[in-house]
Structures are given as C-alpha cells and as structure tokens.
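Please look over the cysteines in this entry before setting up the bonding topology. My notes are below the display.

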Amino acid sequence: MPKNSKVTQREHSSEHVTESVADLLAHQEPVDYKRSVLNVTGEAWDKQKEGEEELDAENRPAWNSKLQYILAQIGYSVGLGNVWRFPYLCQKNGGGAYLVPYLVLLVIIGLPLFFLELAVGQRIRRGSIGVWNYICPRLGGIGYASCLVCFFVGLYYNVIIGWSIFYFFKSFQYPLPWSECPVLRNGSVAVVETECERSSATTYFWYREALDISNSISESGGLNWKMTLCLLVAWSLVGLAMIKGIQSSGKVMYFSSLFPYVVLVCFLVRGLLLRGAVDGIMHMFTPKLDKMLDPQVWREAATQVFFALGLGFGGVIAFSSYNKQDNNCHFDATLVSFINFFTSVLATLVVFAVLGFKANIMNEKCVVENAEKILGYLNTNVLSHDLIPPHVNFSHLTAKDYNEMYRVIMTVKEGHFKELGLDACLLEDELNKSVQGTGLAFIAFTEAMTHFPASPFWSVMFFLMLINLGLGSMIGTMSGITTPIIDTFKVRKEVFTVGCCIFAFVVGLIFVQRSGNYFVTMFDDYSATLPLTVVVILENIAVAWIYGTKKFMQELTEMLGFRPYQFYYYTWKYVSPICMAVLMTASIIQLGVSPPGYSAWIREEAAEKFLFYPTWAMAILISLIILASLPLPLVFILRQFHLVSDGSNALSVTYKKGRMMKDISNLEDNDETRFILSKVPSETPSPMPTHRSYLGPGSSSPMEMSGAPNGRYGSGYLLASTPESEL
C-alpha cells in the first residue's frame, strides 16, 4: 500500500482521520474488481433485491434476430388505420396534396419522437413504467397512463378483429352472403327484406346480420352471441401469441407482419386489371393544392402521424427494451417510419383501385335505372322523342350518351325537371363518396369484392389480412401493458397475460351488445386522443428539458457509437413540444366545437342518423378521458409531497460486488478525489447507472448534487461490457 495513503497514515498516527470511500473499501474482503461497482444512491441497498435485479437484467428476454424485432415494430405500427383511415384522409384533404403535410409532420414530429421512444427503451431496458420512473420519478405517471390507454384501446380494437373473424368464416361460401338481399317467403309470395331493399345488400348484412344493431346507444338489446364467440376467439389468439412474451409473439410476427403485404400486392395487381381502377387512382392522386393552406388538414395529418407510429402507447418502448445496447435504433426509427408511410400509400392505391371499379359498376347501374325511367316517360308521352339525340341506342347506352341526353332534358324541361326524378350519374360523384373505418372495410370493400371473379377467395384473403393487421397491433398494444407491469411488479408472465386477456374479454362484452358498435365509436373517438397527446408531450419534456437534451445526446453517442444529427436536438427541445402543444390545443377545440355524438342505424328508415350522446353516455365519455389522464397528476402529487417514497429520504453509500472499472484500493489521495468527482472526462463514469432514477435539469455529471426539486441522486461506476452497465 502506498506510504501516503490514508490507511497507512492512520496506522502510524493517533490523530483521528475521516475515512473516505476508498478507505472503507480497503477493509473489504478481496474482490474481483473487474466485477464490482460503487453505487451512491438515495435509497437503502437491499442485497436480496439487488441480486434479483441483476438476475432479471441478465435473464431479460431478447429478440432472436434483428429481422424479428423490425417485423414486430412494423406489425405494431402498421395497423388497420393504414388501410381504412389514411386513404380516407388522403381523399378528403386534397388527394396527392395531402402527402406533403403528412411527410413534413412525419419528419418533424413522428420520426424524432419515435426515435426518442426507441432510444429510452433500449437504453434503460424496462417497460414504460420503469423508463419514466427512471428518468423522472415525479412524471412516473406517464407509464401508468400509457398502460391505461393501451387497455382502453385494446378493449375495442380486439372487437374489430372479432368482426373480421366473423366475416372471414362467412367468406367460405358462394355466392357471398352479402351479395344479395334476403328473400322472405310468405306462402307462395316472395318479398325482399324491406330494410335491405331500402339500403343495400352489404349494408344490410353489416348492420343486421353481423351486428344486429339497435336504434341507439340507449337500447342495449342484449348480447350478440355470434360476435361474443368471435370476440372470445380474438382474445384467445392474442393470449396465445402473448403468453410466452416475445418468444411467442416474435414468431407470430413473421406471419402477421408479412402476410398483409402479400395480400396488398395481390389486391393491387388484381385491382389494376379491373375496369375503372385507373379512374379511382387518378381521382385519388389529383392534387387539390388549395387544401394545403387549410389548418384542419395539418391537424388531421399530425393526428394520423401520431397514431400511425403508436407513439405514447408504450408498445414501442416495450419492444425496444428487449434489444441489445449497441443496436442502431436510429436506423430502426427511420426504417419503420418510412415503411409505415409507404404501406399507407400502397393501401391507398389498393383501396382506390377497387373503389374506382366499384364506382364504375355503380355508375353503370345508375345509367341503366335512369334510362328505364326515360323510356317510361317516352312511352307515356311525358317526354318527346325529339329530345333524344339520334345516335343514342338504349340497348347499348354508355355513360357519355346518358349524360348528353340528361343535359338536353334538363335544359328543355327546366321548370318540371325535378319531378322527373332523374339522376346525373356522374362518375365523379361516386368517387367523391368518401368512406372510412368500418364503412370502408365491411360495406364498400365487401360490395366491390362481390363483383370480383372468384369473390370468396378475395374475401378470405382480405379479412385474413385485416385479422393479421389487427393482431400485430394488438400484440404491441398488449406489450405496452404486460412488459411494464411484469418489469415493475415482478408478476409471473404467463399468469398475468392470461388473467389480463380474461379480464379484457369480460369487460369487452359491452362492445358485443346490439348497441356495442356505438361504444366502439365512443372509445375510438375519445379514450385515447387527448390523453395520449398529453403523454407524448410529457415524454418529450421529461427527456429534453428535465433530463437534459445534451446529456441524452451524449448517452446516445455512447450507446450508438456515433452522434445523432443536431436535427434531433432542436426537434426534441423546441419543435416537437411546440407542435404537440398546438395539436393538443386543436384537439381540445375540436372536442369543444364538435358535438359529442354518433351515427346510429335506424332500422325503420334503413339509414344512418346522427344522434347526441345521452347524459349517462357523456358521463362515461368524460370518465374515460379523466381516468386515462389521472395517473399523471396523481403520481406527481404523491411524490412531490413524499406520500409515496421515491428513495429521496436517505443517502447511503453502498458497495456491491459485480462490476467496477478500476481498482479503488490503489488510488492515491488526488486520484481518489478525481475518481469520485469525475474531474477527468476520460474517467467519467457511465451517466446512467443501474439504480439512478433522476438527475436534475442541467446536470452534467452523475455526481453533481444540484438543488433539483426531485431530490434523488445516484452514481455508479459500471463496466461497459456488462449488460446492465449501459442502463
């Protein structure tokens, strides 16, 4: 031992010498310093707990391959919204012009925040609860809020998978059951079902055969047993995929993530061969540039970007937490973001190729029906034969000939034209009939498929694609619940997953009543939008302003091996929080301006009608928003006033065997000071030790004891080669 060390001085002197950390360690039994760590933390050290955490970190599951992980992220982010929400927004908001605001917002909001979630999950290797407790305990409610939102979304999202399962099994017959209206027989008299005759075969099948829907949300009507069984099958599929964690769900992703692309490509090729497909695609991508100046277009584009990538749900963080520390999550973020975008464009091409075909079919039907009316008027001398152009042949009447005849009649019979009841039969009008969500998948698309050759095959493929798209998103959503809960409370994975699925099925029975579709609409519109926006804003603030953007960038540099672009520094610190705050304000205004209501199917009228939510439904609606947001202020208050301990009530110096960067016993006085205070940049310890929960704003060193309000500090000296050292 060096002569000038404090231990040697104490042996030869009667003077009292204050023992330093190095002296204390000098009296410890010999240890392997390559596997040791010095930990200064604000909480008492529990040896047993410490051992459990070390074992947990070492035994944490990992993806079998990078491909499996990428497919999981793609399967989670690419969902039903890409197929039935993006095409609708594209058509509604200017066609090809809508792609400009979408791409801009994807780059300045979507990509940076997606990268942020991937990075914190991979760095800390915990679910959303553990990650935000780690970064800022007072904002630990972020993780719990994410779990609640995932639960609400999972409840109704799996119902949609159940609907797809119902249609999937109904597709194994020819002709398809929604291709014709049912005929009721009363003795020798055959009568077409009135509700079907006044609407359409596909609309009738959806509302009456599938949902057996009631006239309003107030009329429960009891359980729909067919949909109850389908919901049970859907939750069974999710449970089986999730029961072993990523060991089981990762394998499912190989099929559920890739199969939809096979179907979309097949549909695109088949769609392009259909008559009228080009009309639909041209209509889709004809840009209406004036729409780009509409703030509403930008708001809807931002909302779509936000939900398309699954930000705030916790699924992104959960999947990323199973990665190796040196994984290039920046590449992953860029790849998944743009695959998501191109999938949306591919789905839009498919949808409008098929809808263009459907529009031509419906337009021809319109021409035939109105031509018969004109022939009737000619035979009864209501119209003169002189009004009909000589080249018009009623046996082979084209849309162009009909439109010419229509304009002539409208000009001559201007005063009495409305009484004739003739329709213009314009292809543009059919293409402008925008549909989204269930209306697109279960009414418009199913109607188009009835005109396909071998229609049952295409129907089976389409609904199997929807099941897989939904299943991929559900696995990510459920991971946003199971991963943080299992990490935090150490419950058994299999038991918790099964219990969660059973509980969700029981609660989800509300969605398979005859009025269940109205509850799906309520949850879809209100349970996630506002709470998730708040969650993502707080995530951004926690990392960029409380933890510190510079510090986070430095840690990313250590983790990735290169420094991320300065673009991310400015987007995280300024651009994204401002944009998200504007989006949240716009969402609140939209909620206030738009009356809370839903489209109800009125059986007697065979038509949809907008109804306002009754008082009790409004109470449920408001409760959903409050309940999803409640963990945020609740956890903050509990930790702010020390009602729940966050470890700030004691400062202890603990020494645990296992990891250490250098031999402390050989430190000289000056070396000792430099080591503890990290004066030499090259010897600065890892800024994210295993048990450090929060460093105050602006902190640049793990040992910097600033007056941050959190009051919890920690430091550790970790070996880079050990898995937990990178946390």
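The points below cover the disulfides and then the cysteines C90 and C150.

1. The model is predicted. With a cut-off of 2.5 Å between cysteine sulfur atoms, the count comes to two disulfides. Taking the bonded cysteines of the protein chain in sequence order, the pairing reads 1-2, 3-4.

2. One disulfide joins C181 and C196, with the sulfur atoms 1.9 Å apart. The pair links distant parts of the chain, 15 residues apart: C181 sits in the loop between helix 9 (141-170) and strand 2 (183-186), and C196 in helix 10 (residues 194-198). The torsion about the S-S bond of C181 and C196 is about -80°, so this disulfide is left-handed.

3. The burial of C181 and C196 should be noted. C181 is partly exposed, at a relative accessible area of 25%, whereas C196 is buried, at 1%.

4. C366 and C425 form a disulfide as well, and their sulfur atoms are 1.9 Å apart. C366 belongs to helix 17 (residues 329-379), while C425 is in the loop between helix 19 (417-420) and helix 20 (427-431), so the bond ties together parts that are 59 residues apart in sequence. The S-S torsion of C366 and C425 is about -75°, so this disulfide is left-handed.

5. C366 counts as buried at 14% relative accessibility. C425 is buried too, with a relative accessible area of 7%.

6. For C150, the closest cysteine sulfur is that of C147, at 6.5 Å, which is too far for a bond. C150 counts as buried, at 0% relative accessibility.

7. C90 also has a relative accessibility of 0% and so counts as buried.

Terms used:
Residues numbered from 1 in each chain as written. Predicted model: local features only at pLDDT ≥ 70, side-chain atom pairs only at ≥ 80, totals over all residues. Heavy atoms only, no water. Helix = DSSP H or I, 4+ residues; strand = E, 2+ residues; numbered from the N terminus. Buried < 20%, exposed > 50% of the residue type's maximum accessible area, 1.4 Å probe, protein only.
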